[in-house]
Amino acid sequence: MNKPLVGAFLAALFLGAGVAPAVAAEPAGSASEVSAEAAPQTKYTAPDTVPAAKAVTFAGTVALSNCSGSVVRIPDAAPTDPALVLSNGHCMESGFPGPGEVVVDQPSSRTFTLLNASGSGVGTLKASKIAYGTMTDTDLSLYELTSTYQQIEDSYGIRALELETAHPTAGTAITVASGYWKRTYSCDIDGFVHQLKEGRWTWKDSVRYTPECQTIGGTSGSPVIDDATGKVVAVNNTGNESGQECTDNNPCEVDENGEVTVREGINYAQQTYNMVPCIGAGSKIDLTREGCALPKP
């Protein structure tokens with residue numbers, strides 16, 4: 001996991017992106033060397049008819065005490081709905097949820113620093129509860145805020161990032177925007193992993209990045225943004241740091257036949273389109289809604 005950061009001292013000790021929120025930042029341009037088996041695929045070239053993508057900024061991203069995140073909304077969210085913050089399940093202040101554990105409607109007073117387009121903090125947002133959190137099948141947390149989408153826009157001029165409703169595709173150009181580090185990582189979606197195993201946890205249909213996205217500790221929970229649409233397609237969560245197989249901070253890929261592949265230096269995210277059916281009116285998480293397949297308590 002991209003380890004959660006616990007102060008500057010630990011940040012200095014742990015470099016790399018693993019399942020826990022990412023740890024200390026590497027100096028810019030110090031990307032880790034990637035193993036030969038993880039060589040990048042040919043980069044996707046958009047047809048000439050597709051409009052040029054707008055540059056991805058930090059607007060709508062947030063910094064947590066140990067991770068990154070973003071203010072997100074479903075397409076039909078009302079301006080008066082309580083805003084939601086998306087991050088990783090392993091970034092929750094209550095600690096890593098165990099395999100099979102699902103947190104729903106847990107009171108929280110956590111705060112988040114809201115960033116503008118240039119990455120400057122413009123205000124503090126406060127949670128009322130952890131609306132949903134788990135590390136089973138996926139690695140995500142959704143915090144419900146005390147502010148509505150309209151209140152955030154009126155106060156700071158910042159709109160929430162919209163969640164994509166469809167499964168992403170390989171070859172899509174993406175940007176991982178870390179509010180914690182105020183740093184972005186640009187690459188493509190390399191493909192999808194049937195099962196991604198790390199320590200005690202297993203995630204399904206994970207996004208694998210091309211090697212250019214060398215995310216580090218503290219980037220956990222960062223939104224993965226489709227460069228063409230500006231929509232959130234995944235949430236950054238882990239990477240294989242040292243080439244070990246299926247251990248903490250060294251996830252392995254398991255295909256449909258049980259074959260295991262280790263890609264040292266490659267990083268991953270969890271898709272978010274599958275969250276959308278689970279969010280109802282008033283930003284309420286309803287795991288019984290049609291199409292909602294998130295794990296239940």
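Which strand is the place of Thr175? Select Thr175 and you land in strand β9, residues 173-178. Keep in mind as you click around that this is a predicted model.

**Stop 1: Thr175 and its surroundings**

With Thr175 still selected, check its accessibility: the relative value is 5%, so the residue counts as buried. Now show side chains and look for Asp227, whose side chain makes a polar contact of 2.8 Å with that of Thr175. Then bring up the rest of the company. Leaving aside neighbours within four places in sequence, Thr175 is in contact with Val56, with Thr184, Tyr185 and Ser186, and with Pro223, Val224, Ile225 and Asp227.

**Stop 2: the disulfides**

Next, colour the cysteines. There are four disulfides to find, and with bonded cysteines counted along the chain they follow the pattern 1-2, 3-4, 5-6, 7-8.

Start with Cys67 and Cys91, whose sulfur atoms sit 2.1 Å apart. This link is left-handed, with -90° about the S-S bond. It connects distant parts of the chain: Cys67 is in the loop between β1 (61-63) and β2 (68-73), while Cys91 is in the loop between β3 (82-87) and β4 (102-107), 24 residues apart. Are Cys67 and Cys91 buried or exposed? Both are buried.

Move on to Cys187 and Cys213, a disulfide with its sulfur atoms 2.1 Å apart. Measure the torsion about the S-S bond in your viewer: it is about -100°, so this disulfide is left-handed. Cys187 belongs to strand β10 (residues 183-198) and Cys213 to the loop between β11 (201-209) and β12 (223-226), so the bond ties together parts 26 residues apart in sequence. Cys187 and Cys213 are both buried.

Now go to Cys278 and Cys292, joined at an S to S distance of 2.0 Å. Here the torsion about the S-S bond is 100°, and the link is right-handed. Cys278 and Cys292 each lie in the segment after β16 (267-271), so the pair ties together parts 14 residues apart in sequence. Cys278 counts as buried at 1% relative accessibility, and Cys292 counts as buried at 10%.

**Stop 3: aromatic pairs**

Switch the selection to the aromatic rings; the count comes to three aromatic pairs. Zoom in on Phe112 and Tyr143: the ring centres are 5.2 Å apart and the planes are at 70°, so the pair is edge-to-face. Phe112 is in strand β5 (residues 111-115) and Tyr143 in strand β7 (residues 140-148), so the rings tie together parts 31 residues apart in sequence. Phe112 has 1% relative accessibility and counts as buried; Tyr143, at 0%, counts as buried too.

Then pick Tyr180 and Trp181. Their ring centres are 5.0 Å apart and their planes at 75°, so this pair is edge-to-face. Tyr180 is partly exposed, with a relative accessible area of 23%, and Trp181 is partly exposed at 26%.

**Stop 4: Thr148**

Select Thr148, which is in strand β7. At 17% relative accessibility, Thr148 counts as buried. Which residues does Thr148 touch, not counting residues up to four places away in sequence? You should see Pro79, Thr80, Asp81, Pro82 and Ala83. Add Leu84 to the view as well: Thr148 and Leu84 are 64 residues apart in sequence and 8.7 Å apart in space, C-alpha to C-alpha.

**Stop 5: salt bridges**

Finally, turn on the charged side chains. The whole structure has 11 salt bridges. Centre on Glu162, in strand β8 (residues 161-162). Arg73 forms a salt bridge with Glu162, with the closest N and O atoms 3.4 Å apart. Arg73 is in strand β2, 89 residues from Glu162. Arg73 is buried, with a relative accessible area of 15%, and Glu162 is buried at 19%.

Stay on Glu162 and add Lys231, which forms a salt bridge with Glu162 at 3.5 Å between the closest N and O atoms. Lys231 lies in the loop between β12 and β13 (232-239) and Glu162 in strand β8, so this pair ties together parts 69 residues apart in sequence. Lys231 is partly exposed, with a relative accessible area of 25%.

For the last selection, take Asp105, Lys129, Glu144 and Lys284, which are linked in a network of salt bridges. Within that network, Lys129 and Asp105 have their closest N and O atoms 3.0 Å apart. Lys129 counts as buried at 17% relative accessibility, whereas Asp105 is partly exposed at 44%.

Key. Residues are numbered from 1 along each chain as its sequence is written. This is a predicted model: local features need pLDDT of at least 70, side-chain atom pairs count only at pLDDT 80 or more; totals for chains, interfaces and linings use all residues. Side-chain values use heavy atoms; hydrogens and water are left out. A disulfide is a pair of cysteine sulfur atoms within 2.5 Å. Helices (H or I, at least four residues) and strands (E, at least two) are DSSP runs, numbered from the N terminus. Buried means under 20% relative accessible area, exposed over 50%, partly exposed in between (1.4 Å probe, protein chains only). Rings of Phe, Tyr and Trp (its six-membered ring) pair if their centres lie within 6.5 Å; planes under 30 degrees apart count as stacked, over 60 as edge-to-face and the rest as tilted. Contact means heavy atoms within 4.5 Å. A polar contact is a pair of N or O atoms within 3.5 Å; within protein, one must be able to donate a hydrogen and the other to accept it, and residues adjacent in sequence count only if both atoms are side-chain atoms. A salt bridge is a side-chain nitrogen of Lys or Arg within 4 Å of a carboxyl oxygen of Asp or Glu.
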